[in-house]
Amino acid sequence: MLLIACPYCGERPEVEFAYAGQAHLARPAKAETLSDDDWAAYLYMRSNTKGHHAERWRHLHGCARFFNAVRDTTSDRFIATYKVGETAPGAGEAER
Amino acid sequence: MTQPFRIAGGRLVAPDRPIRFRFDGRAYEGLAGDTLASALLANGVHLMGRSFKYHRPRGVLSAGSDEPNALVTVRRDDARITPNLRATQVEVYEGLEATSQNRWPGLGFDVGAVNDVFGRFITAGFYYKTFMWPRRAWDRLYEPLIRRAAGLGEAPTRPDPDRYAHRYAHCDVLVVGSGPAGLAAALQASRAGARVILCDEQPDFGNTLRGDNAAAIDAAPTAAWLDQTLAELAANPKVRLLRRCQAFGYFAHNLIGLVERLTDHLPAPPPGAARERLWQVRARRVVIAAGAHERPLVFPGNDRPGVMLSGAARRYLDGYGVKVGQRVVVATACDQAYDDARALATAGIEVVAIVDLRAEPSAVARAGDIPVFAGHTVARTSGRLRIRSVTIAPIEVAGAARALECDALLMSGGFTPSLHLFSQSRGKMRWDADISAFVPDQSAEAEQSAGACHGVYGLGEVLRDGAEAGRQAVLACGFAPAGHAPVAESRTWTGGHLGAAPPATASRGKAFVDWQNDVTAKDLAQAVQEGFRSIEHVKRYTTTGMATDQGKTSNINALAEVARLTGRSIPEVGLTAFRMPYTPVTFGALAGMARRDLFDPVRQAPMHGWAEARGAVFEDVGLWKRARYFPQGAEDMNAAVARECAAVRGACGLFDASTLGKIEVVGPDAAEFMNRMYVNAWTRLEPGRCRYGVLLREDGFVLDDGVVGRLAADRFHVTTTTGGAARVLVMMEDYLQTEWPDLEVWLTSVTEQWGVIAVQGPLARRILAPLVEGVDISPEAFPHMSIAVGSICGAPMRLMRVSFTGELGYEVNVPAGHAPSVWDAIWAAGRALGMAPYGTETMHVLRAEKGFIIVGQETDGTATPDDVGLGWAIGKGKRDFVGKRSIAREAMHRPDRKQLVGVLTANPKLVLEEGMQIVEQAGGKPPLTMIGHVTSSYASPTLGRSIALAMVSGGRGRLGQTLYAARPGGDAPVSVVSPVFYDPRGERANA
């Protein structure tokens, strides 16, 4: 039962949260200029990191806010959580 | 004579409180404090079960939760029957009724023992090589036979009537186990002022220490130190003591699952009392003081009743005052067993010999007067229902085998640290060559092992280790440690053996590694011979370590044997993972109160009571209960639906539409936000008007739909499908918070706040007008797709003129608490005019007659707006909306895409099944090319015949064609038509 540190509410058990996929995927501003392949990459291609993964969570049964997290996918440890619009602390963690 | 094997001095039993109980129908007497195993042994009963596969007679092997053999069923009444309990953990109470398992007709004579005779045909993995021919025999012969033969206990057939409680707790330090290490840790932690939880699977704390008479702690007799320590802990308000409490699982981030047994030991549990309590404990620090398991020896015939662990026999003696036999042989490879042997001899048991695998037993091991056969192994044993003799032989030296008569054979291969909880916490272990054991190495969670499970032996060392673990735990929690570690002597024992005992010429018989799953050393050899090398494969192929005891007495021996057979070291072979639960947990404990009516929340619409009183038949829509139809008299569903449809189209219908999702979208950027989310052009929608909104996913497929009313420039009343409400709101919040946080708009879920009464039919206006206040609902002032704010019967109201039936219709939105009384008023006004309540079935039929889709019925997540005929809803000239880029893809405009059409069967009485596949030719041979499927299908009262909606490849280009619905009874010809069967120009809704 993971403890997740919501940037707004503090540490709460994982049942209060919903996972929300890979983080920092910006919706292309001028999608009409993208080729079908590039658009498909935005829709479907996702990282499958073994190691530090930047991802989104939502505190569904709490403040209901989305936030970002860096989680080690091999140990389920949360390295960091941070608000929407911020960059990951110690950004640029490479895959192991 | 009762309890012929009982002597005085057992520290855990009360000699002045005899208890009567029954085992396999026979009455016995024991003492308060006995386990079923100790009480049976006191009566000279060793035969307690039959093994899983071979049905060999089995006795009790151990004295604790590691017991593999003595599994019993305890029965309180017809509904309270618990199988597969370990007799070593069942506490006897007056009137206890227990039975053995896996035997017929009885323990003494079991027909299943034929398996033992044919044992060589059912070795490891035999089921992968058998039961395959003839194929027909599987259903009628093999499977029923296997089902009857498999398993150990029998599952109860009545629902569990007991109550199970759930608790959550937080603490600073959780200590698992109350042996010396656990108690020392708990003392340190509690004295430092931390909140401590101490749990132990036993009926009381320090039980393992209480049976040990030799030691002194802090210069006091052990028993005195124990009493004092427990009194101190019990008096500390920050300490919670949980007895009979098993830590069964280590979950992420220091959440530990405990099950506390509350009433199973009581002769008469108080009615309504919870039987067990599940604790979910979040501890800042955990100290695992789980001890070590004694290891059996693997030699031929090591499973006869009377063969047991040496330490277990000692425990029965010291703890329960029970002699396990009159004439005992001790087979060992380590020093402790010598101590056990002398203790048994002192108690009056004849210890015939100590058989030591080691050629030179250590100097520490003192045998007293007992003959020692050093450098000897056990070749075989004899005795079917009870051991009668053991044959020993010298190892690697010439010499004759000799048989020793005995009625109990004790064995000790050393000790294995209990790593179950640590392994569950995903900690990494290392091999400690000094003690020949895996020990915890790298923690993955905030925990510390202490004592024997940490690879630390000897009472003094264990106490020090436990205190140190407690100290580290409180330091990490920010407390200052207080006091010193308890002091005691440590004796250094040596020795130990892993894997099969050395064989001898005289060796004969099955040598068991895993007692509960009947896995022998030969099975391991067979697995290796068949090419399995990884311990993970060997484990699964032979099933060693996979029984309910999770390999407590078998894993290391199996591992060592595989290492030997494959010429590798034990650490090279590695250890398999230990799975939770540590010991079996009841379903009841896990379910708690979430059973029957409380399993899932039930959502009821405001008019639920009214519908129920009128005999409505309900259906589940997600968690909602919705009235499906309102049968009158002896009507079946078809008759009720026919009547309700006719009432709606002929006069007026009344429908509870409250379950529809509703979202209030408010703010200066509300219209801009709606524009970006939905396909429609909202900025051009005037306040006071409604529009049918279509919501796509970013991949261009229809996600949801619903009528949206604009109340003001900055306020939209958005409706969604019943099932999609949460999904739509999440999606909206996602975009708002993470893509467009600059937009000033707020979203509020108001699904449960508004009750919605749909009034549909040609008389709707006439019935509503007298009740509505503050809104002119004449056709000129309030055309179709209008919205206005007013009141009805004094309640605040949002009135929407919308129609899902195709008739003149309104949806009256009032605060949910007012809805039932407003409904009553509308009903009172309308019933004399032929108004009828209708349910979801009628609602489905009426909308299908009009070709209105239902998201999730006509769509399946792969339909674009154009596919379902909703291309018109897309706002022209909109720069962007969710899904816009995707629907521009070429593939989204292919002419052969599945498109919404109507299909009419040639036979008007034939109602197609939803899901039926559409094909071009009749009577073809499979595989047929499926070009579409039926999505909705009904008998239409309005048209007097069946109708159906379907998604068909290139459907719009096939109008007029004849296709076929594939049916087992004969493909049905259908003609492709427009999906709007009734009132194609929509005149009735606009009346």
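What follows is a working chat about a predicted model with chains A and B.

Student: Before we start, what are the ground rules here?
Tutor: This is a predicted model, in which local features need pLDDT of at least 70 and side-chain atom pairs count only at pLDDT 80 or more, while totals for chains, interfaces and linings use all residues. Residues are numbered from 1 along each chain as its sequence is written, chains are lettered from A and ligands numbered from 1 in the order in which they are written, and side-chain values use heavy atoms, with hydrogens and water left out.

Student: OK, chain A then, what is the order of helices and strands?
Tutor: Along the sequence the pattern is β-β-β-α-β-β-β, which amounts to one helix and six strands in chain A; helices (H or I, at least four residues) and strands (E, at least two) are DSSP runs, numbered from the N terminus. The C-alpha atoms of chain A fill a box of roughly 40 × 30 × 20 Å along the principal axes.

Student: And how many residues of chain A are in contact with chain B?
Tutor: There are 28 residues of chain A in contact with 27 residues of chain B, where contact means heavy atoms within 4.5 Å. The two chains bury about 2,200 Å² between them, 44% of it on carbon and sulfur atoms; buried area is the accessible area (1.4 Å probe) that two parts lose on being put together, summed over both.

Student: Which three residues supply the most on the chain A side?
Tutor: A:Met1, A:Arg27 and A:Phe66 supply 32% of the area that chain A buries against chain B, more than any other three residues.

Student: Then how many salt bridges cross that interface?
Tutor: The rule finds six salt bridges between chain A and chain B, a salt bridge being a side-chain nitrogen of Lys or Arg within 4 Å of a carboxyl oxygen of Asp or Glu. One joins the side chains of A:Arg27 and B:Glu698 at 2.6 Å, N to O, and this pair runs from the loop between strand E3 (18–22) and H1 of chain A to the loop between strand E36 (690–696) and strand E37 (702–712) of chain B. In another salt bridge, B:Arg885 meets A:Asp36 at 2.9 Å, N to O.

Student: Which element gives the most to the chain A side?
Tutor: That is H1(A), with five residues on the side of chain A that touches chain B.

Student: Switching to chain B, what is the strand order in that open sheet?
Tutor: The five strands run E2-E1-E7-E5-E6 in chain B with mixed pairing, and two strands pair if DSSP finds at least two bridges between them. The edge strands, each pairing on one side only, are E2 (26–32) and E6 (81–86) of chain B.

Student: How do E5(B) and E6(B) pair?
Tutor: Strand E5 (residues 71–75) and E6 of chain B pair in the antiparallel sense over four bridges, and a hairpin joins E5(B) to E6(B) through five residues. Within this pairing B:Arg75 stands opposite B:Ile81, and B:Val72 stands opposite B:Leu85.

Student: Last thing, which peptide bonds should I look at for cis geometry?
Tutor: The bond from B:Trp133 to B:Pro134 is cis, with omega near -10 degrees, and B:Pro134 sits in the loop between helix H2 (114–117) and helix H3 (137–149) of chain B. The bond from B:Pro926 to B:Pro927 is also cis, with omega near 0 degrees.
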